Structures are given as C-alpha cells and as structure tokens.
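The exercises below ask for reasoning from coordinates to burial, contacts and packing. Each task is followed by a solution that goes step by step.

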Amino acid sequence: MLRRSKHYRTFRNGASLVVQLSQRRSSPTIGRSERFQGGNVGQKRKKPTRSRSHELEDESYTKFRAARPSAWPVHKIDGSDDYGRDLLVEIFENHQPTGNEFSVQLKAKEKLVGPPKAKLNVSTLNHWEDQPSPTLIVLWDAATDQLYYEWAHRLPWSDPKHDKTTRTVPVPHLWSETTPEILAEEADAFRKVRDLGRYFPVDVEVRGDEYFGGDAGPVVSAIIDGFSSFPDLVVSFSKPRVPFIRVEVLANGVEVSMSGTPVKRITYEPSAPPPPEVIAADALFALAFAVGTIGRSRDVGTALLCASVERSFMAIVAGRLADAIVLLVRADARDALLTLLARTLTVEHHPSWSEALAGVEATKAIMADALRMAIASSLEQTSKSWSSPARALRTAAWLVGPLDADRAMELWEAAVEADPSTKDNPRYWSELGGISFLWERWDDAVANYRKAVRLGDKASRPLLADALMWAGHYADALGQFNTAGILDGDDNAEWRLKSKALRFIVEVVGINQQKRDDFVAEMMWRDNLPSPPSVELIEQVIEVDALYAWAYWAACPGMRDRGVEPVGPLLVAAVCQPSRAPIVQELTTAALRTGNWETARDALLLARRMCGPDFIRMVHTDEVIDRELRALLLKLWGCLDDRDDFFAELEKIQSEQQAEEVEAPSVDDHGGSPNRTG
C-alpha cells in the first residue's frame, strides 16, 4: 500500500470553503420586504448601461462581415477563452473549401489620430505565433468608416522595452476590393510554408532599383548568383508561385521574406555601405533561419547558412550569432562553424565575442570531441597575437577540460600567467574542481571547490559536497549538502538523494570518514564470485569502501526477507551507480512502498537524466516488474514534470487501494526480488 510521507502535505479547498459558508451564515440577513422593494422608495434605481466601446466592437464586426466575400463563412469565437481572437474565417474558392483559414482580432476607434495602429498584449502576440493558422488584425475607424488590416506574422518585430506587457503595432493596409484576394494568397502561403519541403523547388523573386543613390543592378546580380548553387531555390523572372521567397534591395539595405513568414529587414550605415557580395551573403543568412526552422527543410536552411558565414556581416553581429552557432553544431557543419568562430570568437575585442561564446556554451553537451579540441586549438593559437590573451586561454581550457585534464591545467596556468587576477575569480577554482572531479582526483577537487565557495560561489557548494563524498569525508559532505540550498528544484534531485544516502552512511552504517579504496573493494567482491555474498563479506567491503554500490545492492533481498524495505542501501547504490536502471527502479519502488514520495520522484528524475530510454526499456523487459508495477511507473513517469500532478496521482492511487482494502483483507507484499549483482 502507498502511504504518504510526513514531509508531504496536501492542500485542499475544504477549509476555506467552510470559512466562507460560516461567514455567510453569520452576516446580517436582509428582510424579505427590503429585498423585494429594491431600496428606498422614491429613489431612481441604477440600471446597467451599454458602453460606447461595446457598440464599436459590434459595429466593427458588422463592417468586417460586410467587407469579406459572402462565400467565406465567419465563425465567432467564444470570448471566454479566445486569447485575442474574435473570429475564425474559412476561405472558399468556386464554392469549394480550400483548407485555408485565418483568425481575426477586431479593433475599433471612434476617430483615428495619426497612422492607424492598435495596442496588443505581448503574450497574445507570442500565442499567435504558435497557432496553426495566421491571425489578421482588423481595425475599423468609425469616423471615416474605413477598415485597415495587417497580418500578425508580418508585423515588424521589436522587443518591448522596460518589461512592457503591450506593444503598439501599425495596421497600415486600407481595405479595398482586392484585399480578399491578397488575404487568400497569404493564408495559402502561411499553410504551405509550414510544410515547405513538399513544394521544392521554391521560386525566388529578386528585385530592386536603387542602392545608396546608385543603381541596384550589381546587388541584384550578386544575390541571384548567391542562389545559383541551390537547386531547391529557383530565381523566377515572372510572378512567383506560392510559397515563394522575395529579396528586395532597398535604398539603404535589403529586405528578405518568405510568403507566410515575417519579413527580415537589414539596413546599413550610409558611411560605409557593404559591397554586393556581402549583401548577397546577408540575404542568404537571413533566409537560412526562415527556411531552416520550418517544415522539413532544415537541410536547405543549413546549406544557406554554410554559404553565408564567410562573408555575411549580419552573421557576426549580435542578434542571431548564437542561434547560427547552435544550428551549425546540430548539423555537424564543422567547416562553416569554424569559419564563423574565426570571424568572432577568435578575434580580440570583437563586439559579438560574448554572444559567440554563449552559442558554444549552449552546445557543449552535444558538440563532438574533435570539434571542441579544434575550437580550443584555434583559440590557443590566435591568443598569441592578443594583447590580453587570458580570455582566449580560459575558454580553451574550459573546452579541453572534459577531454584532457593535463592539457586543460596547462591552459589554465597560461591564463593565470597572462592575467594573475584570474585566480580571484571563483569560476577559475570551480573549473579546476570540475576537471579534478572528472578525472577522479577527489582531494584536488575538494580543495578547488572549497576555494570557489570561499570566494562566494554558492553554486559550487553542492559540488564541494559531492567531491567530499567521493573523497570519503561523509559527515563533512552531509554538512555541506545541508547548507547548499538543494531542497527545491528538479535539477537538485541528485543532490537530495546523495544527502539522504550520506545520512544513511553516517547515522546507520556508522562511518563518518574513511580512506576509500575502491580497487581493494572490487577485488574482494570479485574473489567471492560466483558464491552469494555473505553478510560478513558485505560489511567487510563497506568498511573498505562505503560507496561500493554492489555491497548495498546485495544486502537488499535479505532485508526484504525480514520484512524491511531497504530504502537506505538502495539510496547509496543508486547515487553510486545512477546509470544502472534496475537499481534506480528498485529505489523508486521501495520509496513508494514506504511512503517516501519525494524520494520516489527524485529517483525517477535521476533515472530520466542518467538512464534515459534505457529506464523505460528496462521497465518493459525486466522479469521482476509485473504489469501493475509497470503501469504505475509509466504513469508516474508521464507526470514527472509537474510535481503537483505527480503527488495527486499518488493520492488517487492510495485512495483506490484503501477502498479495496475495506472490501478485502490486505496481503503482505514484502517479497524479495532476485539478487542482481554487478
């Protein structure tokens, strides 16, 4: 039976409801005569009024219905949950549905002052971006009886300043007889571009007349040449087919757009307008993001990006540099990535250096080892010409750390030699601690993390506790975990489990500190195989290494035979062998049986991070997991991200089991599982 831990409290609405009811009963009652007379006799009673804003809303709806083709059905959206959408319009052609539709947000003004514009919530605009159909903003000016419109996805984007929650956006297009045709084409493009891969090759329209007071012909020609190496993008000299790409050379820049997507405008300073080949590269770079994030056309987007990074000015300025690095790393486009980094990360005082580093940091978990080494080598070489090379050397050391500890240490020493103040930065000591930890130099890791903590790095405290644990200082590690602020947050699940495992080692096993010898413990264990381990052997091995997981794992069946759920031993085994799915599953199950629901959830969070799909595969194939337990584990796995849902599910299961126990006597289920040894 699942029982609640005392550390978990359920919040219910029952108490507040009782208070509300008692307050109602204790309030003064109104006599029947007073209620039905409606107040003092002779006074005029108040009645609801209809505001002018409500009248304008209705009138704008009437005007829009009259303006749209009568063949297009208009459906009102229930205002209780519309998220800024008032209408849904279906587009018909020749009395047949096209499959295209769009939402409408109605706005109305008594009299426009200045250019037509509307105020919208930023959250609403963000919500519209995720919708499968486009949203049309329609503004009615009552004074002139004119309708204006603009697609939400065609708005010029600007981030709200000072954390504003609203944006005032232009609604510039005057409704005319040709508007329905324009709307139908754009709605069709919006739908098709979401599955762009089906419509390759795509037409490209390149046009422009003037560029910084001169003829735009050379720029147009360079852009056409830029597209010549892409068979999926065909330059068209007639009206392009939907979906299509348009590149328009402006008097001071270039505008890149794809039908059904936002427009990207790039402008340049008149003092130094870039040459045509740079503008062509910028156009390809801007288009790469539009194509590469839509439908099944990421390969084309990556190819555009690779073709642009050598010359594009837009690629090396702040804004999309980090995104470009992420896309290139994911596509394993090594040459293009190194080219882009050679123009940014390896350039001293480059204005976008920090953004380039952010892109590299964001992809460190998926970056190939050879690529990490190549970037580090490039930084090391280029730093020789820097006036202040420490920054490049620090970054190179950080990249090399997980791959070559000795080389990383050399780079860190070179960074300190170039800038002695490096030692005053807690990150320096934290990085050294991480390198030492990865290479199991526990005492060095402890010393480095301790210095980081002393310099004020709070994030290094649980890392220090972890290093102390592996160094054999269990009581000290437990004390550090207790002050590390790890009680909340899913990311701290592993720390919480380690803290509980250490408490078991210190308070139950009775070992505060030891000089661990994992090699001797392993030899003792192997020498006993294939015989089942005795209690004496288990105790002897733990005395040599209190973090030897298999000794605790082997002790579990005997404890279950005595009617005791081995939560403590399983905690130690799980945190010492977190990638072993059966151990983490046993910990989850034991925690559920004993009502330690927080521990069960943390164990599943650990399994998701360390085991991944192997955990689910094991749940489906392990012979000791019956169908009922499998269903429970999968159900809990599915609501793991929502803590409240997780515990609510356990509450529900507990209630169902308690109801069943009322009807039938309970059965002792403390059976031992087969002994799985390492």
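**Exercise 1: a threonine in a loop**

With a relative accessibility of 4%, Thr 422 counts as buried; the model in which this value is computed is a predicted one. Determine where Thr 422 is placed along the chain, and find which residues it touches beyond four places in sequence.

Solution. Begin with the secondary structure: Thr 422 belongs to the loop that runs between α14 (405-418) and α15 (426-438). Next, list the contacts, leaving out residues up to four places away in sequence, which gives Arg 394, Trp 412, Ala 415, Val 416 and Tyr 428. Finally, turn to the polar atoms, where the side chain of Thr 422 has one that lies 2.8 Å from the backbone oxygen of Asp 419.

**Exercise 2: a leucine in α15**

Decide whether Leu 432 is buried or exposed, and identify its contacts outside the neighbours within four places in sequence.

Solution. Leu 432 is located in helix α15, and because its relative accessibility is 7%, below the 20% limit, it counts as buried. With the sequence neighbours within four places set aside, Leu 432 is in contact with Met 409, Trp 412 and Asn 448. As a further step, compare sequence and space: Leu 432 and Ala 452 are separated by 20 residues in sequence, while their C-alpha atoms are 9.6 Å apart.

**Exercise 3: an enclosed helix**

Explain why helix α23 (residues 567-576) is described as largely enclosed by the rest of the structure, and state what covers its buried residues.

Solution. Count the burial first: 10 of the 10 residues of α23 are buried, and therefore the helix is largely enclosed. The buried residues include Val 567, Gly 568 and Pro 569, and Cys 576 is also among them, the latter having a relative accessibility of 11%. Then look at the surroundings, where the covering elements include α17 (460-470), α19 (493-509), α22 (549-561), α24 (581-593) and α25 (597-610). As for cysteines, Cys 639 is likewise buried, at 15% relative accessibility, and the count of disulfides comes to 0.

**Exercise 4: the nonpolar cores**

Find how many residues the largest nonpolar core has, and which residues Trp 525 touches beyond four places in sequence.

Solution. The largest nonpolar core has 82 residues, and those with the most contacts inside it include Tyr 474, Ile 505, Trp 525 and Phe 646. Apart from this core lies another, of 79 residues, among them Leu 196, Val 202, Ala 222 and Met 258. Returning to Trp 525, its contacts beyond four places in sequence are Pro 533, Leu 537, Ile 538, Val 541, Tyr 548, Trp 550, Ala 551 and Ala 554.

Notes. Residues are numbered from 1 along each chain as its sequence is written. This is a predicted model: local features need pLDDT of at least 70, side-chain atom pairs count only at pLDDT 80 or more; totals for chains, interfaces and linings use all residues. Side-chain values use heavy atoms; hydrogens and water are left out. A nonpolar core is a set of buried Ala, Val, Leu, Ile, Met, Phe, Trp, Tyr and Cys residues joined through side-chain atoms within 4.5 Å. Buried means under 20% relative accessible area, exposed over 50%, partly exposed in between (1.4 Å probe, protein chains only). Contact means heavy atoms within 4.5 Å. Helices (H or I, at least four residues) and strands (E, at least two) are DSSP runs, numbered from the N terminus. A polar contact is a pair of N or O atoms within 3.5 Å; within protein, one must be able to donate a hydrogen and the other to accept it, and residues adjacent in sequence count only if both atoms are side-chain atoms. A disulfide is a pair of cysteine sulfur atoms within 2.5 Å.
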